[in-house]
Amino acid sequence: YAKKRGRNRFYWFELQMENELRYRNELETGVREAVKAQEFVPFYEQQIDLETGNLVGFEMLARWQSSKYGMVNPDIFIPVAEKIDLIGELSEQLIRQALSDAHEWDPSLSLSVNISPLQLRDPWFAQKLLQILVESGFPPHRLEIEITESCLHENVAAVRSIVSSLKNQGIRISLDDFGTGYSSLSQLRSLPFDRLKIDRSFVTEMAAENVGGELVRAIVALGKGLSLPVTAEGIENGKVLQELQGLGDIKGQGYLYGRPEDARATRQRLSKLGLLVKDHKRLSRIYG
Ligand code: C2E
Ligand code: MG
Ligand code: MG
Ligand code: MG
């Protein structure tokens, strides 16, 4: 009996492996075709000045609108796109789209985009990004790029030179998911960051009043000490918000303010707030 069970288990394992492999191949083919068909869409998450409650910008978050799988989250397809070396192309498509959407947004609003460490290995990355900005007419000082795991171990000089050409044009650089394994204290010295984004896991723990809360306070203090503005991500409830508000001048984002939304819903939100460029034009026609 034991033997039989063992064998079955082995078959089961083999079947799993086979499914896994087939699924992975299928996913790679899917992502490859989706890049060709431009099936990726930008969603936008609000970023708020916690002191005033004002909307200050959006973080663009990639979604894959797949005819086969439905709406797919980036944790699934970004690693695949990285593996098959299409992350750069995918990212460019999304940024183009986002800059075109952001055209209608009030000039006070910023746009943050996540950049894969692999993209920073591309010696042409800065030129490509600046070219896209020029084509779109979007002011570089309103763009912020978010970097997590650094690829500095490999080619410090190359990454530095990319980052400095972006910064020379006014683009700001954030260290995303700060406090997790990928973004440790030593990384703060590696690049001239403009902002720290406190990882969601610590912010979520604030509500439970355990060590996460202490870590958030420590990171905010660190930001103050280094004159680095701080953003808290993953604010889900009023209690956490209140605690964060007590920590001083920081920005935040999270489901308390709303889930990431597509361009259309974002546009509607901005329209209600009077933060569409069109509204300005209309208002100045009426009153100006
Ligand atoms: P991230 O940059 O740290 O983005 C924050 C993630 O947390 C987003 O998930 C967002 O939807 C989620 N989130 C925000 N507020 C809350 C909250 O209050 N509660 C909870 N439970 N979750 C919250 P998403 O959109 O699935 O993105 C996951 C990750 O995928 C991002 O983490 C980012 O690292 C990566 N990513 C997204 N878009 C792109 C992209 O265009 N390029 C690259 N390279 N990576 C991307
Ligand atoms: Mg991010
Ligand atoms: Mg993050
Ligand atoms: Mg994250």
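Donors are N, O and S atoms within 2.8 Å of the metal. Under that definition, two magnesium ions of this predicted model share a protein residue. The magnesium ion (ligand 3) and the magnesium ion (ligand 2) are 3.9 Å apart, and Asp176 coordinates both.

The site of the magnesium ion (ligand 2) is described here before that of ligand 3. Its protein donors are Glu59 (OE), Asn114 (OD1), Glu146 (OE) and Asp176 (OD). These donors lie 2.0 to 2.2 Å from the magnesium ion (ligand 2). Along the sequence, the donor residues follow the spacing E-x54-N-x31-E-x29-D. Asn114 belongs to strand β4 (residues 110-115), and Asp176 to strand β6 (residues 172-178), so this pair ties together parts that are 62 residues apart in sequence. The two residues can also be described by their accessibility. Asn114 is partly exposed, because its relative accessible area is 31% and the partly exposed class runs between 20% and 50%. Asp176 has a relative accessibility of 5% and therefore counts as buried, the cut-off for that class being under 20%.

The magnesium ion (ligand 3) takes its protein donors from Asp176 (OD), Asp177 (OD) and Glu233, the last of these being listed twice through OE. The distances to the magnesium ion (ligand 3) run from 2.0 to 2.4 Å. The donor residues are spaced D-D-x55-E in sequence. Asp177 lies in strand β6 and Glu233 in strand β8 (residues 230-233), so the pair ties together parts that are 56 residues apart in sequence. Glu233 has a relative accessibility of 11%, which means that Glu233 counts as buried. Asp177 is partly exposed, with a relative accessible area of 24%.

Backbone geometry adds a further detail at Asp177. This residue of strand β6 has a positive phi of about 55°, although Asp177 is not a glycine. Asp177 is also a donor of the magnesium ion (ligand 3).

A positive phi also occurs at Asp85, another residue other than glycine, with a value near 65°. Asp85 is found in the loop between α2 (74-83) and α3 (87-102). The relative accessibility of Asp85 is 66%, so Asp85 counts as exposed; the exposed class begins over 50%.

In brief, Asp176 bridges the magnesium ion (ligand 2) and the magnesium ion (ligand 3). Asp176 is itself buried, at 5% relative accessibility.

Note on methods: Residues numbered from 1 in each chain as written. Chains lettered and ligands numbered in written order. Predicted model: local features only at pLDDT ≥ 70, side-chain atom pairs only at ≥ 80, totals over all residues. Heavy atoms only, no water. Donors = N, O, S within 2.8 Å, 3.2 Å for Na, K, Ca; no water. Helix = DSSP H or I, 4+ residues; strand = E, 2+ residues; numbered from the N terminus. Buried < 20%, exposed > 50% of the residue type's maximum accessible area, 1.4 Å probe, protein only.
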